[in-house]
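Here are a few exercises to help you find your way around a new structure. Try each task yourself before reading its solution.

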Amino acid sequence: MTNDVKEIFSATAPAPAALAAKVRTLAPSMTRSMQRVAEAVAGDPAGCAALTVTGLAELTGTSEATVVRTARLLGYPGYRDLRLALAGLAAQQQSGRAPSVTADIAVDDPIADVVAKLAYDEQQTLADTAAGLDTVQLGAAVTALAAARRTDIYGVGASGLVAQDLAQKLLRIGLIAHAHSDPHLAVTNAVQLRAGDVAIAITHSGSTGDVIEPLRVAFDHGATTVAITGRPDGPVSQYADHLLTTSTARESELRPAAMSSRTSQLLVVDCLFTGVTQRTYETAAPALAASYEALAHRHSPRTR
């Protein structure tokens with residue numbers, strides 16, 4: 001993890017509600033021993049809150065140093081602060097405000113159960129993303145977008161659909177924005193960017209080369225760069241001035257990452273768009289009204 005990313009995650013200790021979200025987001029990028037600690041505190045916050053650093057190390061078959069490193073990676077100055085957060089999380093769970101993650105969808109689940117499980121997982125993903133989203137970074141990205149001469153957005157696959165969603169939203173409030181899913185076009189457009197422009201990379205893994213390359217080019221040419229990713233320690237963070245972290249529900253055979261990551265990415269996109277609309281309201285409101293009016297006849301009942 002780069003020093004910049006560490007600084008972002010360590011600036012303030014997350015509230016209890018954000019702890020489980022952070023564990024789910026960061027666990028895949030941890031060492032196996034740190035994962036055991038993270039999984040233990042997320043799975044049994046009440047039990048772990050009662051343990052000393054030595055007790056948790058023994059429980060997870062790790063060392064005291066590993067426990068402390070895990071606590072710091074999760075955003076706490078030390079293990080004592082993590083224990084306090086665990087106690088708060090346990091209290092929330094016992095009060096019913098933070099239910100545990102539902103079981104995976106099975107092949108033979110009734111469709112009603114599929115709906116209920118997906119609805120819960122989507123809700124949990126959104127809550128986790130909101131809890132872990134750095135509003136300082138978000139505000140800085142909004143400021144850059146509101147003043148940008150031009151915005152380029154990079155994404156492939158499911159993230160490419162999210163990139164298109166953000167581009168069309170910005171266009172409707174009168175801003176110049178382009179979404180690129182073709183890596184060659186993305187790079188050739190990125191070389192045209194300069195200071196005053198914004199480039200946004202959307203990649204759940206944080207390591208998608210077709211998205212990182214144009215972001216690097218934009219970064220090198222002086223554009224303000226933003227990364228929307230579920231892996232804040234991934235390679236994409238090296239070229240991001242502003243890092244917006246998403247969370248995902250647990251993956252399964254019937255619920256791949258492309259489903260859960262899309263949900264959290266769309267929340268971040270909506271936050272960006274709403275923030276930019278607030279900052280540019282005097283021009284955004286008339287632009288939105290004009291776009292609604294231009295399409296109104298398409299929604300009117302046809303007359304014979």
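Start with one pair: D152 sits opposite A199 of strand 3. Keep in mind that you're looking at a predicted model.

**Exercise 1. Work out how the sheet is put together.**

Step 1. Strand 1 covers residues 151-154, and four bridges tie this strand to strand 3. The two strands run parallel.

Step 2. Now widen the view: five strands make up an open sheet, ordered 2-1-3-4-5, with parallel pairing.

Step 3. Look at the edges. Strand 2 (177-180) and strand 5 (242-245) each have a single partner strand, so one side of each has no neighbour in the sheet.

Step 4. Check the twist: ignoring direction, neighbouring strands are turned by 15° against each other on average.

**Exercise 2. Find which strands helix 9 and helix 10 touch.**

Step 1. Helix 9 lies across strand 1, strand 3, strand 4 and strand 5, and runs at about 120° to strand 5.

Step 2. Helix 10 packs on the sheet too, where it touches strand 1, strand 2 and strand 3. Its direction makes about 170° with that of strand 2.

**Exercise 3. Locate the nonpolar cores.**

Step 1. The largest nonpolar core holds 29 residues. Among those with the most contacts inside it are I153, I200, L244 and L272.

Step 2. Ask which elements give two or more residues to this core: they include helix 9 (135-147), helix 10 (158-172), strand 3 (198-203) and strand 4 (224-229). Helix 13 (257-279) and helix 14 (281-296) are on that list as well.

Step 3. Zoom in on L244. Beyond its neighbours within four places in sequence, L244 contacts, among others, L133, L138, V226, I228, V268 and L272.

Step 4. There's also a second, separate core of 23 residues, with A40, C48, L73 and L74 among them.

**Exercise 4. Describe how helix 3 meets helix 6.**

Step 1. Helix 3 spans residues 32-43 and helix 6 spans residues 64-73; they pack at about 70°, their axes 9 Å apart.

Step 2. Angles from 65 to 115 degrees count as roughly perpendicular, so helix 3 is roughly perpendicular to helix 6.

Step 3. S33, M34, V37 and A38 from helix 3 meet T66, V67, R69, T70 and L73 from helix 6. Sorted by type, the contact residues are five nonpolar, three polar and one charged.

**Exercise 5. Decide: is D128 buried or exposed?**

Step 1. Find D128 in helix 8, residues 111-132.

Step 2. Buried means under 20% relative accessible area. D128 has 4% relative accessibility, so D128 counts as buried.

Step 3. Leaving out residues up to four places away in sequence, D128 touches A21, R24 and S247.

Technical notes:
Residues numbered from 1 in each chain as written. Predicted model: local features only at pLDDT ≥ 70, side-chain atom pairs only at ≥ 80, totals over all residues. Heavy atoms only, no water. Axes fitted to C-alpha atoms, helices over the stretch in contact; angles between N-to-C directions. Parallel < 35°, antiparallel > 145°, perpendicular 65-115°, else oblique. Contact = heavy atoms within 4.5 Å. Nonpolar A, V, L, I, M, F, W, Y, C, P; charged D, E, K, R; others polar. Core = buried A, V, L, I, M, F, W, Y, C linked by side-chain atoms within 4.5 Å. Buried < 20%, exposed > 50% of the residue type's maximum accessible area, 1.4 Å probe, protein only. Pairing = 2+ DSSP bridges.
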